[in-house]
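Subject: Structure handover

Hello,

Here is the structure I said I would pass on. Please look it over first; my notes come after it.

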Amino acid sequence: LTLLANALLFDNRVDEGIALLETVAQLQPASATARIRLGTGLILGGDSEAANEQLEAALELDPQFQQAGVLLILSHLQSRDYQAAIAAAKTYQQRHPANAMSYNLLGRAYLESGDSENALESFKEAVKVAPGDPSANHQLAKMAQAEGQLIEARRYYRSVLEHHRNHLSTLIQLALLDAKEENEQAVVEGMERAMTAHPTALEPRLLLGRYYLAIGKPEHLPPLFATLDKKQRRSPKVMLLLALSQISDADNVAAQYTLEEMLRSTPETPETHHLLAMAAAGTGDNVEARTSLHAALELNARFLPSRLALARMDLRDGESAAFAEHLKVLVDLA
């Protein structure tokens, strides 16, 4: 029954899955695991109140059941019952005082409730329990950045790396700090370190690629993706970034090829058609540019970049009636 319920939930047949999980809970009334499965199903079904009842029942059956405590906190946060989330997080923390996650959950509950002072204290308690804990250090770093304390933020990120060498998301956060400070050498070194330590990870390559585009060095992008396997190179994010670099580098024919490949292999988006129009215009093919802009607007009539571009073309070409129609939409969007 549990296997079938899980299959139904994965198939997005949530009501049927919940019905079976209710049967399982009735067959095993003393099972905390059965209660937590039912609670999880109810969360997926959007019934937070009923889910909380099941999660609380699981905790009554087994007060040390960590998964039930965590899900109860997250369920309260999802329904924006912050005081209940804080109370549940405090109970969880008291049951698991040596677990950094218990302080992180309490910190998150405080943070989402708007109590940044108590959130800060909770995250600091987490790093006392586990000095290199990524979650707590990242939260503390974000809070330090919000106060303009960039040196302090770096200290928290470096604390993670002292305990978890080459932790991917920490390397990325440090690179974002370096980018804000326009330290190109540090950004490149940090992302190259991340790419060496995590050769199959796309995120550091994408981040460095976007950075190169932002500073006007599109020619540096193609080598970033040269060592990826075929499937990764055909990732929509990779292909989109390559197309942007090709347009920025005035290699519009290559950009058209890349974007046409995207349209064949991924779902159509207004953004893809708009970039294809830019590439076509770059080659002087205004007919193809118009076709692509119209295709973008067919997918989303309120897609502003394409609407503006087509309005400018119609104004330039003396298409006054079409231009007036564009203006109506643009005024409405404005």
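The notes below cover helix pairs, the nonpolar core, a few single residues and two loop positions. Please keep in mind that this is a predicted model.

Helix pairs

I start at the N-terminal end, with helix 1 (residues 2–10) and helix 2 (residues 14–27), which pack at an angle of about 160° with their axes 7 Å apart. An angle over 145 degrees counts as roughly antiparallel, and helix 1 and helix 2 are therefore roughly antiparallel to each other. Their crossing is left-handed. On the helix 1 side the contact involves Thr2, Leu4, Ala5, Leu8 and Leu9, and these meet Val14, Glu16, Gly17, Leu20, Leu21 and Val24 of helix 2. By class, the residues of this contact divide into 8 nonpolar, 2 polar and 1 charged.

The next pair is helix 7 (residues 100–113) with helix 8 (residues 116–129), whose axes come within 8 Å and cross at roughly 170°. That angle makes helix 7 roughly antiparallel to helix 8. The crossing of helix 7 and helix 8 is left-handed. Helix 7 contributes Ala100, Tyr103, Asn104, Leu106, Gly107, Arg108, Tyr110 and Leu111, while helix 8 contributes Asn118, Ala119, Ser122, Phe123, Glu125, Ala126 and Val129. The contact of helix 7 with helix 8 has 9 nonpolar, 4 polar and 2 charged residues.

Helix 9 (residues 134–146) and helix 10 (residues 150–163) also pack at an angle of about 170°, with axes 8 Å apart. Helix 9 is thus roughly antiparallel to helix 10. From helix 9 the contact takes in Pro134, Asn137, His138, Leu140, Ala141, Lys142, Ala144 and Gln145, and from helix 10 it takes in Leu150, Glu152, Ala153, Tyr156, Tyr157, Ser159 and Val160. The contact of helix 9 with helix 10 divides into 9 nonpolar, 4 polar and 2 charged residues.

Core and buried positions

In soluble globular proteins, nonpolar side chains tend to be buried together. Here the largest nonpolar core has 70 residues, and the members that touch the most others are Ile73, Met191, Leu208 and Phe225. Leaving aside neighbours within four places in sequence, Ile73 is in contact with Ala85, Ala88, Ala89, Tyr92 and Leu105.

Isoleucine 86 lies in helix 6 (residues 82–95). Its relative accessible area is 7%, so isoleucine 86 is buried. Beyond the residues within four places in sequence, isoleucine 86 is in contact with Leu106, Ala109, Tyr110 and Ser113. Two of these names, Leu106 and Tyr110, also appear in the contact of helix 7 with helix 8. Glycine 107 is 21 residues from isoleucine 86 in sequence, and the C-alpha to C-alpha distance between the two is 8.7 Å.

Towards the other end of the numbering, leucine 297 is found in helix 19 (residues 286–299) and serine 306 in helix 20 (residues 304–316). Leucine 297 counts as buried because its relative accessibility is 9%. Serine 306 counts as buried because its relative accessibility is 0%. The two residues touch each other: not counting residues up to four places away in sequence, leucine 297 touches Phe303, Ser306, Arg307 and Leu310, and serine 306 is in contact with His274, Leu293, Ala296 and Leu297. For a long-range distance, leucine 297 and alanine 30 are 267 residues apart in sequence and 57 Å apart in space, C-alpha to C-alpha.

Two loop residues with positive phi

Most residues other than glycine have a negative phi. Arginine 80 has a positive phi of about 60° although it is not a glycine. Arginine 80 lies in the loop between helix 5 (66–78) and helix 6, and at 65% relative accessibility it counts as exposed. The other case is asparagine 166, with a positive phi of about 65°. Asparagine 166 is in the loop between helix 10 and helix 11 (168–180). Is asparagine 166 buried or exposed? At 17% relative accessibility, asparagine 166 counts as buried, since the cut-off for buried is under 20%.

Regards

Note on methods:
Residues are numbered from 1 along each chain as its sequence is written. This is a predicted model: local features need pLDDT of at least 70, side-chain atom pairs count only at pLDDT 80 or more; totals for chains, interfaces and linings use all residues. Side-chain values use heavy atoms; hydrogens and water are left out. Axes are lines fitted to C-alpha atoms, for helices over the stretch in contact, and angles run from 0 to 180 degrees between N-to-C directions. Helices (H or I, at least four residues) and strands (E, at least two) are DSSP runs, numbered from the N terminus. Angles under 35 degrees count as roughly parallel, over 145 as roughly antiparallel, 65 to 115 as roughly perpendicular and the rest as oblique. A crossing is left-handed if the near helix is turned anticlockwise from the far one by less than a right angle, and right-handed if clockwise. Contact means heavy atoms within 4.5 Å. Ala, Val, Leu, Ile, Met, Phe, Trp, Tyr, Cys and Pro count as nonpolar, Asp, Glu, Lys and Arg as charged, and the others, Gly among them, as polar. A nonpolar core is a set of buried Ala, Val, Leu, Ile, Met, Phe, Trp, Tyr and Cys residues joined through side-chain atoms within 4.5 Å. Buried means under 20% relative accessible area, exposed over 50%, partly exposed in between (1.4 Å probe, protein chains only).
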